[in-house]
Amino acid sequence: MSIDPTLWPKLHGASTHFPVALAMAAALFEGLGALWPKSSPRKAQLHAAGYFTILLGALGTFPAVLSGLFMTKGRALGHDAELFHHLFVWPAFALLVGLGVWRALVGEKASPRGFAIYLTVLLITAGLMAGAGYWGGELILNS
Amino acid sequence: MNQSPERRAVAGGSSQNGNLQTRLSLEKRAFLWALFAASVSLGGALLMASPIQKIASWPFFTGGSSSGIVASPQLLAQGAGFFAQSCADCHGDDAHGDEGPDLHNLAISDGRIASQIKNGTKDEMPSFAKKYGDPQIAALVAYVRSLR
């Protein structure tokens, strides 16, 4: 008895788009929330959306990383497009988990300086996730 | 009492200094937890790579590689010869990829590898159906499957 060997690529494909999209959405919501006028109730709503998207994004990285490791049979770096994919994935993974934990613990009590640092790191993470997604796509298209 | 603009913005006045201290302390603690969680997650994932490498090569996870191909040394040598002749130009002499992808540890079935060799991919890889018959393709599949 054995499982379909294409299961891992399918699972990776199914799970990996959530953290990519959620990290980028969190950056968008939190960025817009920071720019929105303080008097508007929309500001709090945007931050709330950013809060939940970053939490879901951080949680979503685990199935994506696990299925990816099984798909590559434990290859953490690889060659060519896979190497580039992993060079973006690993820092993005660590940063997204860290950001999710920080945001979950601090909630609405962030100081302006703390939030500015959080937002900067979140934008970098969203960029890294986009890079990981790009090289993941290159891997699929060129293999 | 002199306060920086940032502190005034955060605390809204000197009467809330206690809240500010609590907030900064909360942020610092949250930062340490975030650092811990990120390190454990990243370290855990990278440490798991080696056990996963072993687990993923169990027949249960590879689909058994049960295409009926018996990978005898002769068959592998034959496959290696065909590989050097027709595949190494694009996939590299060591099959670690060049123009074409790395062929080590492919997570696809033997049938899919054979089909790829036979049919190729439009604009990316030529078809070898005319050059190689089924026995030769079986040798190539056995060789590619042996690349770990």
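Reader: Which pattern does chain B follow, read along the sequence?

Author: Chain B runs α-α-α-α-α-α-α along its sequence. That comes to seven helices and zero strands. Keep in mind that this is a predicted model.

Reader: And how many helices and strands are there in chain A?

Author: Chain A has four helices and zero strands, in the order α-α-α-α.

Reader: How much of each chain counts as buried?

Author: For chain A it's 47% of 143 residues. For chain B it's 24% of 148 residues. You can also look at how far apart in sequence the contacting residues are. Taking contacts between residues at least 6 apart, 78% of those in chain A join residues at least 24 apart. In chain B, that share is 54%.

Reader: Before I go further, what are the confidence figures for chain B?

Author: Its mean pLDDT is 78, with 74% of residues at 70 or more. Helix α1 (residues 5-11) of chain B has the lowest confidence, a mean of 39, while α5(B) has the highest, at 91. Residues 1-13 of chain B have pLDDT below 50, and this stretch makes 15 contacts in the model beyond near neighbours in sequence. Another stretch to read with care is residues 65-70 of chain B: pLDDT stays under 50 there, and the model has 10 contacts for it beyond four places in sequence.

Reader: What ipTM and pTM does the predictor give the complex?

Author: The ipTM is 0.83 and the pTM is 0.65.

Reader: Okay, cores. Where do nonpolar side chains tend to be in soluble globular proteins?

Author: The general idea is that they tend to be buried together. In this model, the largest nonpolar core has 43 residues, and the ones with the most contacts inside it are A23(A), A92(A), F93(A), L96(A), V97(A), L99(A) and M129(A). Both chains take part: α1 (7-35), α2 (41-71), α3 (80-106) and α4 (112-141) of chain A, plus α2 (17-56) of chain B, each supply at least two residues. The most comes from α3(A), with 11 residues.

Reader: Take one of those residues. What does L96(A) touch?

Author: Leaving out residues up to four places away in sequence, L96(A) touches P19(A), A23(A), G57(A), A58(A), T61(A) and T125(A). Apart from the largest core lies another, of 15 residues, including A95(B), L103(B), I137(B) and Y143(B).

Reader: How do I read a single helix, say α4 of chain B?

Author: Start with its length, then ask which residues face inward. Helix α4 (residues 73-86) of chain B has 14 residues and spans 20 Å from its first C-alpha to its last, close to the 20 Å expected at 1.5 Å a residue. G79(B), A80(B) and F83(B) are its buried residues. Looking down the axis of α4(B), you'd find these buried residues within an arc of 105°, so they line one face of the helix. On the other side, Q74(B), A77(B) and Q85(B) are exposed.

Reader: What covers the buried residues of α4(B)?

Author: The cover includes α5 (88-91) and α7 (134-145) of chain B.

Reader: Now backbone angles. Which sign of phi do most residues other than glycine have?

Author: Most of them have a negative phi. That makes positive values worth a look, and chain B offers A95(B), with a phi of about 65° although it is not a glycine. D123(B) is also a residue other than glycine with a positive phi, near 65°.

Reader: Where do A95(B) and D123(B) sit, and is each one buried or exposed?

Author: A95(B) is in the loop between α5 and α6 (110-119) of chain B. A95(B) has 20 other C-beta atoms within 10 Å, so it counts as buried; the cut-off is 20 or more. D123(B) is in the loop between α6 and α7 of chain B. With 5 C-beta neighbours inside 10 Å, D123(B) is exposed, since the limit for that is 12 or fewer.

Reader: What about a residue in between, like K43(A)?

Author: K43(A), in helix α2 of chain A, is partly exposed, with 16 other C-beta atoms within 10 Å. Its contacts, not counting residues up to four places away in sequence, are G33(A), W36(A), P37(A) and K38(A). Try G33(A) in your viewer: G33(A) and K43(A) are 10 residues apart along the chain, and their C-alpha atoms are separated by 4.8 Å.

Note on methods:
Residues numbered from 1 in each chain as written. Chains lettered and ligands numbered in written order. Predicted model: local features only at pLDDT ≥ 70, side-chain atom pairs only at ≥ 80, totals over all residues. Expected span 1.5 Å × (residues − 1). Arc of directions from axis to C-beta. Contact = placed C-beta atoms within 7 Å. Core = buried A, V, L, I, M, F, W, Y, C linked by C-beta atoms within 7 Å. pLDDT = per-residue confidence, 0-100.
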